Amino acid sequence: MSKILMITGDFVEDYENMVPFQTLLACGHQVDAVCPDKSAGDTIKTAIHDFEGDQTYTEKPGHNFTLNATFADVKAEDYDGLYIPGGRAPEYLRLNADVIALVTAFFTADKPVSSICHGPQLLAAAGVLEGKQVSAYPACEPEIKLAGATYVAVNMDEAITDGKLVTGPAWPAHPALLSQFMALL
């Protein structure tokens, strides 16, 4: 099966981190979850975002998630695909030059990439969205457009594929997002 890199960080959306990680493993893929400045065995804190009728999602403490690989050791050429979860982690991960270089390497090599919710913020910062059709959490629409992509509003349980890029708006899209991503691996 495929070897997948997951770039994650503190206050990643819990479901968007834990569910794909476990699903991809259960389907026989190897998934290396990494975070800059952290090593295998270190943990990150997650946050649970829920849709409860407010103008935006609510946030609650999630779980501690144990990383199983060391960021400093990973190279894009060792992986078949990249998964970027959402939540607040992409907001600061996009400021890390090494993360940007790693994301860019996956696109340069034309490898499958999947990103959900606020994850496309990282893709926008890497400058890899121009000309693409991209879904994301609706609050990310301006960044998607500024990155030269077309923002596609889909239902919260839907995902879209453009070439080797699979994106979706939030964790209810997992079945669609993960099936489309795995079809590309």
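**Entry 1: the sheet**

I started at β7 and β11, which pair in the parallel sense over four bridges (two strands pair if DSSP finds at least two bridges between them; strands are DSSP E runs of at least two residues and helices are H or I runs of at least four, numbered from the N terminus). This is a predicted model, so I noted the limits: local features need pLDDT of at least 70, side-chain atom pairs count only at pLDDT 80 or more, and totals for chains, interfaces and linings use all residues. Residues are numbered from 1 along each chain as its sequence is written, and side-chain values use heavy atoms, with hydrogens and water left out.

On the β7 and β11 pairing, I found S114 opposite V166 in β11. On the β6 side, β7 pairs in the parallel sense over three bridges, and Y83 stands opposite S114.

Then I traced the whole sheet. It is open and has six strands in the order β3-β1-β6-β7-β11-β10, with mixed pairing. The edges are β3 (30-34) and β10 (160-162), each pairing on one side only. From one strand to the next the twist averages 20 degrees.

At the β10 edge, I looked up the pairing with β11 (residues 165-168): it is antiparallel, over three bridges. D162 has L165 in β11 as its bridge partner. At the other edge, β1 and β3 pair in the parallel sense over five bridges, and the partner of M6 in β3 is A33.

**Entry 2: what is covered**

Is β3 enclosed or open to the outside, edge strand that it is? Four of its five residues are buried, so β3 is largely enclosed by the rest of the structure (buried means under 20% relative accessible area, exposed over 50%, partly exposed in between, with a 1.4 Å probe and protein chains only).

I checked β7 too, and both of its faces are covered: V113 and S115 are buried on one side, S114 and I116 on the other.

Helix α3 lies across β1 (3-7), β6 (81-84), β7 (113-116) and β11, and runs at about 145 degrees to β1 (axes are lines fitted to C-alpha atoms, for helices over the stretch in contact, and angles run from 0 to 180 degrees between N-to-C directions).

**Entry 3: the core**

Which residues touch the most other members of the largest nonpolar core? They are L5, I7, V103 and L129, out of 55 residues (such a core is a set of buried Ala, Val, Leu, Ile, Met, Phe, Trp, Tyr and Cys residues joined through side-chain atoms within 4.5 Å). Helix α3 (residues 97-108) gives this core its largest share, five residues.

I listed the contacts of L129 beyond four places in sequence; among them are P120, L123, V134, I144 and L165 (contact means heavy atoms within 4.5 Å). F107 lies in α3, and with the sequence neighbours within four places left aside, F107 is in contact with V113, L123, V128 and L165.

**Entry 4: H29**

H29 sits in the loop between α1 (14-26) and β3. I get a relative accessible area of 7% for H29, so this residue counts as buried. Not counting residues up to four places away, H29 touches M1, S2, I4, L24, M182 and L185. A polar atom of the H29 side chain lies 3.2 Å from the backbone nitrogen of S2.

**Entry 5: the record**

The unreviewed UniProt entry carries the annotation "domain: DJ-1/PfpI" over residues 3-182. Over that stretch I get 29% helix and 27% strand, with the end C-alpha atoms 11 Å apart.

Note on methods:
UniProt positions are given in the numbering used here, feature names are shortened, and annotations may be inferred rather than shown by experiment. A polar contact is a pair of N or O atoms within 3.5 Å; within protein, one must be able to donate a hydrogen and the other to accept it, and residues adjacent in sequence count only if both atoms are side-chain atoms.
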